[in-house]
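Please read the following account with the sequence and the model side by side, and look up each position as it comes up.

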Amino acid sequence: MREFLEVIPDPVSLIESMRAVGYSAQTAIADIIDNSLSAKASQIKIEYDASREPFVSILDNGEGMYANELTNAMRHGSSNPNDAREINDLGRFGLGLKTASLSQCRKLTVVSKKGGQIYARCWDLDYVQERNGWFVTIPTKLELEELPLFKSLVDQEAGTLVVWQLLDKLMSGAYQPQDEMKNRMRDLVDHLSFVFHRFTEKEDGIDPVDIFINGVKLHPVDPFLTKNSFTQPLEGQRIPVNEVIINVQPYVLPHMSHLNIDEIQLAGGKDGLRHNQGFYIYRNRRLVIWGTWFRLVPKEEFYKLTRVKVDIPNTLDHLWSLDIKKSVAYPPDVIRNRLKELIPHFANTSRTTITYPGRKQKNISFEPIWVRTEPSHGTFRYDININHPALLEITNRIDKDGQQSIQFLMKLIETALPLESIYSDLCSDRRNDFELEGELIKQLVEIAKKLIEIAGINITEVFNLDPIARYPQHHNKIIEELSNE
Ligand SMILES: Nc1ncnc2c1ncn2[C@@H]1O[C@H](COP(=O)(O)OP(=O)(O)O)[C@@H](O)[C@H]1O
Ligand SMILES: [Mg+2]
């Protein structure tokens, strides 16, 4: 038999170092919510307050745990990362509950209800220090009754309550606890509505999960702005890897001028558009990493509207390097190479959208004013479209000399088009004056009236013409204005 020595980790120093894994308050809370979702909760309530003893309390109505399950859940490394997980399980290392919580607080109490019974366990770091051992305490009935949201758990059929107290890390250096708590939690709503947006919105017949923060329900934040009709989904791809399928769905976001203020905010703000281009990786529908091309291509102005949704199941965890916080994932070579091949395809569409939003119109009879032509391979030019009904009508009305003058005039305008300056304005996300709300509708109505008058066309046709066709969102308003006159 081999000689051996058992070397047991020192609880105090190991737990202390694990506290420094690098969670923020938001990512730590997101990890607790992962557990609730894995336990099939349909409602999750987060409450926090620092007006008296600061706490964070997270209650779900999931399956709950029996006493032995709860004891095991409190164990560091409660499951083997290499074991197969249930298909919807968001966990992996068997650490999240403990590490995420203790990265923020010194006292973690978990209370769970299952089969009509309530069980509770507590990691109290002061007690661990005192006993110098891996001991969890069992809270008394009185202690339980004082826990925020405990009564709500009692009223539920089943579920789990996670309470953080003695928030030394979360509140570190706080001078005014209540303000500090608000500060630290400010980005919580944004973070959770973003990473769990596929859970809080209805997807493929899966019922949405309600998440409340201090009583306010989270709204899903969809990074692809799929509700905006100008968002272009490109052709999706299915990449088979080890007998499972990775779904890749690229989207090209609408040009800035087709986004309202809220959507610009959703898309990451003006500066954010460029910053947030890239892949959006979902592990079991939970967003784990976003806004990166994994260095497959540089972040470029031209790709800035491109966001690619990548869905990976947890069965491929071993291929990805996924860290404890599930926040850093790096795709394996097989997937990287396939993604790389796809990138030029996304980028081309993104380019068209940035430089020429009008091209998106699905309408076949759309008549643009500017047409893009490629006189020879790799070159381009923008010409004025003489077939635009307004131009046709004007040139038909005048004599040969006049027509030649107009043609010359158009050549002049085409040649002097300040492409560089337009490009630089678009890249810096400035909006052109014509596109400012309010003014815009007034101008469109004027143009529509003139087009009807000059080109002798009817109202329906005018909506297929540049520039009216570019603004389908205002068509109703334009019809209304025109019929008022
Ligand atoms: N809210 C919850 N409801 C039911 N079971 C839970 C809950 N939170 C944790 N658990 C149980 O505790 C275990 C350990 O959780 P955790 O430390 O986060 O590791 P992991 O999620 O990687 O398994 C989970 O696998 C699960 O069985
Ligand atoms: Mg977990």
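A residue counts as buried if 20 or more other C-beta atoms lie within 10 Å of its own, as exposed if 12 or fewer do, and as partly exposed in between. The model to which this scale is applied here is a predicted one. His191, which lies in helix α9, has 19 C-beta neighbours inside 10 Å and therefore counts as partly exposed. Measured against the chain as written, His191 and Thr315 are 124 residues apart in sequence, while their C-alpha atoms are 25 Å apart in space.

The helix that carries His191 leads on to a packing arrangement. Two packed helices are described by the angle between their axes and the distance between the axes. For α2 and helix α9 (residues 188-195), that angle is about 45° and the axes are 9 Å apart. That angle makes α2 oblique to α9, and the crossing of the two, α2 and α9, is right-handed.

A second pair can be read in the same manner. Helix α14 (residues 389-397) packs with helix α17 (residues 439-455) at an angle of about 40°, their axes being 9 Å apart, and α14 and α17 are therefore oblique to each other. Here α14 passes α17 in a left-handed crossing.

Helix α2 also takes part in the surroundings of ligand 1, since α2 (25-38) and α4 (96-102) each supply at least two residues of the shell around this ligand. Which helix gives the most to the shell around ligand 1? It is α4, with three residues. In total, 19 residues surround ligand 1, and the closest are Asn35, Ala39, Ala73, Gly91 and Gly96. By character, the residues of this shell divide into six nonpolar, nine polar and four charged.

On a broader view, the chain is divided into domain 1 (11-217), domain 2 (232-356) and domain 3 (370-484). The centres of domain 1 and domain 3, taken over C-alpha atoms, are separated by 58 Å. A pair of single residues gives another distance: Leu144 and Ile422 are 278 residues apart along the chain, and 64 Å separate their C-alpha atoms. Leu144 is found in helix α6 and, because 19 other C-beta atoms lie within 10 Å of it, is partly exposed.

The backbone itself deserves a closer look at a few positions. Most residues other than glycine have a negative phi, and most peptide bonds are trans. Asn132, although it is not a glycine, has a positive phi of about 50°; this residue is found in the loop between α5 (125-131) and α6 (141-145). Is Asn132 buried or exposed? With 10 C-beta neighbours inside 10 Å, Asn132 counts as exposed.

Leu149 is likewise a residue other than glycine with a positive phi, here near 75°, and its place is the loop between α6 and α7 (150-155). Leu149 has 19 other C-beta atoms within 10 Å and is therefore partly exposed. Finally, the peptide bond from Asp466 to Pro467 is cis, with omega near 0°, and Pro467 is found in the loop between α18 (459-462) and α19 (475-484).

Methods:
Residues are numbered from 1 along each chain as its sequence is written. Chains are lettered from A and ligands numbered from 1 in the order in which they are written. This is a predicted model: local features need pLDDT of at least 70, side-chain atom pairs count only at pLDDT 80 or more; totals for chains, interfaces and linings use all residues. A residue is near a molecule or strand if its C-beta atom, placed from the backbone, lies within 6 Å of it. Helices (H or I, at least four residues) and strands (E, at least two) are DSSP runs, numbered from the N terminus. Ala, Val, Leu, Ile, Met, Phe, Trp, Tyr, Cys and Pro count as nonpolar, Asp, Glu, Lys and Arg as charged, and the others, Gly among them, as polar. Domain bounds come from an automatic or database domain assignment. Axes are lines fitted to C-alpha atoms, for helices over the stretch in contact, and angles run from 0 to 180 degrees between N-to-C directions. Angles under 35 degrees count as roughly parallel, over 145 as roughly antiparallel, 65 to 115 as roughly perpendicular and the rest as oblique. A crossing is left-handed if the near helix is turned anticlockwise from the far one by less than a right angle, and right-handed if clockwise.
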